[in-house]
Amino acid sequence: VKENLYRYYHESIVSALLEVYEKLPEDSSEGKCVEFFGRVAADMQVHVPVRMFARDLMGSGFPVLRYSIRWTPEQVRELYKGELFLFRCWMTTFIFY
């Protein structure tokens, strides 16, 4: 997982980042490693920028309400039942009032 994260971030960032997450056991399966990498990458590439955007808007005096909806279509859940398959429709909405 670390080697893949190094492709995107400096070693110091990866080290600090991985301290935040629960340690992945040494004997983890490939599927668990892929899932873990996906979670970390999604946090850094999707969730953090959205949160920073909301923080900056509010810091500039914009009153903002931020919410997120996580949803997987039932048809997709049925197709991949029991397999490692991550598919979510993400929608983050900002409401300015």
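Let's start with how far to trust what you see: this is a predicted model, and its protein chain averages a pLDDT of 79, with 70% of the residues scoring at least 70. Confidence varies along the chain. It peaks in helix α1, at 92, and is lowest in strand β2 (residues 89–96), where the mean is 54. Please keep that in mind when you look at β2.

Now turn to helix α2, which spans residues 11–20. Three of its residues, Val14, Leu17 and Leu18, are buried. Looking down the axis of α2, you will find these buried residues within an arc of 95°, so they line one face of the helix. Helix geometry helps here: an α-helix has 3.6 residues a turn, so residues three or four places apart point the same way. What do the buried residues of α2 pack against? Their partners are α1 (2–6) and α3 (30–59). On the face of α2 turned away from this buried side sit Glu19 and Val20, both exposed.

From here, move to the second largest pocket, with a volume of about 360 Å³. Its lining is made of 14 residues, and those closest to the pocket centre are Val1, Lys2, Leu18, Leu24 and Phe36. You have already met Leu18 as one of the buried residues of α2. Two elements, α2 and α3, each give two or more residues to the lining, and α2 supplies the largest share, three residues. Chemically, the lining of this pocket is mixed: seven residues are nonpolar, five are charged and two are polar.

Conventions:
Residues numbered from 1 in each chain as written. Predicted model: local features only at pLDDT ≥ 70, side-chain atom pairs only at ≥ 80, totals over all residues. Heavy atoms only, no water. Buried < 20%, exposed > 50% of the residue type's maximum accessible area, 1.4 Å probe, protein only. Helix = DSSP H or I, 4+ residues; strand = E, 2+ residues; numbered from the N terminus. Arc of directions from axis to C-beta. Contact = heavy atoms within 4.5 Å. 1 Å grid on protein atoms, 1.4 Å probe; cavity = no way out; pocket = protein on both sides within 12 Å on 5 of 7 lines; lining within 4 Å. Points joined across faces, edges and corners; volume = space filled by probe spheres on them. Nonpolar A, V, L, I, M, F, W, Y, C, P; charged D, E, K, R; others polar. pLDDT = per-residue confidence, 0-100.
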